[in-house]
Amino acid sequence: MFQHVFLAAEQLNIVDLIKDSTGAVMAVLVILVAMSLVSWYIIAMKAAYLSKARRQSDKFQEVFWHSKRLDNTYKEAEQLVRSPVAQMFRAGYVELTKLKKGEKERDKDAETMELSGIENVERALRRASLAETTELEKNLSFLATTGSTAPFIGLFGTVWGIMHAFVNLSASTSDMGIQTVSGPIAEALIATAIGLLAAIPSVMAYNFFNQKIKVLQADMESFSNDFLNIVKRHFFK
């Protein structure tokens, strides 16, 4: 008996099980494999993007705090296109430049202009922050969807395959018993396994990237406050 069990285990081949799958189970496997491939592509691209964003943000902040001229900092920010903090600075600097040019052409109450100018710069920083956050979170929803739905898609394929196996068993006239359904059931169970293989990396990557994005968001918020304080002290006295 044990010899037969070991022989069956040796004959178990995942590739063969996938090839032998038919109908709904095969369709489920194709969907899960496609979701897994897309997820791994997103994971690779997002990991590279966030890593570069982190490095460039650190570099920009070092330049910003050591530079004595905002125009020089702006030139450096133009090179650091992956840094969300640098892009926020660019948006704030452009708005500040517009306001300073407008002061020479308008004759308004000084206090009113100061309040309006600060609000404009703050809005520019907020818009840039939202745009950068959207870019950082791009495609993460697919990882979340894969992580939450892939196990259930795989389970559907397994349930369908087992149902099909028992239908075949009931229609069979042979006395083979469990041997009649063992193969189809194994083929059906592979759908759940593939679903888990697609879901687990996606969930882990989603949580990991979310943590990285939160750190970058904290940097953006901190920089926004610091930049506004500098603007208030030196440009709207």
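Me: In which helix of the chain is confidence lowest?
Reply: This is a predicted model, in which local features need pLDDT of at least 70, side-chain atom pairs count only at pLDDT 80 or more, and totals for chains, interfaces and linings use all residues. Residues are numbered from 1 along each chain as its sequence is written, and side-chain values use heavy atoms, with hydrogens and water left out. Confidence is given as pLDDT, the predictor's score for each residue from 0 to 100, and helices are DSSP runs of H or I with at least four residues, numbered from the N terminus. The mean is highest in helix 3, at 92, and lowest, at 43, in helix 1.

Me: How many contacts does the stretch of residues 1-10 have beyond near neighbours in sequence?
Reply: A contact means heavy atoms within 4.5 Å. Over residues 1-10 the pLDDT is below 50. Beyond near neighbours in sequence, the number of contacts of this stretch in the model is zero.

Me: Which helix gives the most residues to the largest nonpolar core?
Reply: A nonpolar core is a set of buried Ala, Val, Leu, Ile, Met, Phe, Trp, Tyr and Cys residues joined through side-chain atoms within 4.5 Å. The largest one has 35 residues, and Phe60, Phe64, Phe89, Phe223 and Phe227 have the most contacts inside it. Helices 3, 4, 5, 6, 7 and 8 each supply at least two of its residues. With ten residues, the one that gives the most is helix 8.

Me: Is Leu228 buried or exposed?
Reply: Leu228 is found in helix 8 and touches Ile118, Val121, Glu122 and Leu125, not counting residues up to four places away in sequence. Buried means under 20% relative accessible area, exposed over 50%, and partly exposed in between, with a 1.4 Å probe and protein chains only. Leu228 has a relative accessible area of 8%, so it is buried.

Me: How far apart in space are Leu228 and Gly92, C-alpha to C-alpha?
Reply: In sequence, Leu228 and Gly92 are 136 residues apart. In space, the C-alpha to C-alpha distance between Leu228 and Gly92 is 8.9 Å.

Me: Which residue meets Asp219 in a salt bridge at 2.5 Å?
Reply: A salt bridge is a side-chain nitrogen of Lys or Arg within 4 Å of a carboxyl oxygen of Asp or Glu. Asp219 lies in helix 8, and its partner is 165 residues away in helix 3. Asp219 is buried at 18% relative accessible area, whereas the partner counts as partly exposed at 23%. With 2.5 Å from N to O, that partner is Arg54.

Me: Which residue forms a salt bridge with Glu76?
Reply: Glu76 lies in helix 4 and the other residue in helix 3, so the pair ties together parts that are 17 residues apart in sequence. Glu76 is partly exposed, at 24% relative accessibility. The closest N and O atoms are 3.9 Å apart, and the partner is Lys59.

Me: How far apart are the closest N and O atoms of Glu122 and Arg126?
Reply: Both residues lie in helix 6, four residues apart, about one turn of the helix. Glu122 is partly exposed at 34% relative accessibility, and Arg126 is partly exposed at 44%. Glu122 and Arg126 form a salt bridge, with their closest N and O atoms apart by 4.0 Å.
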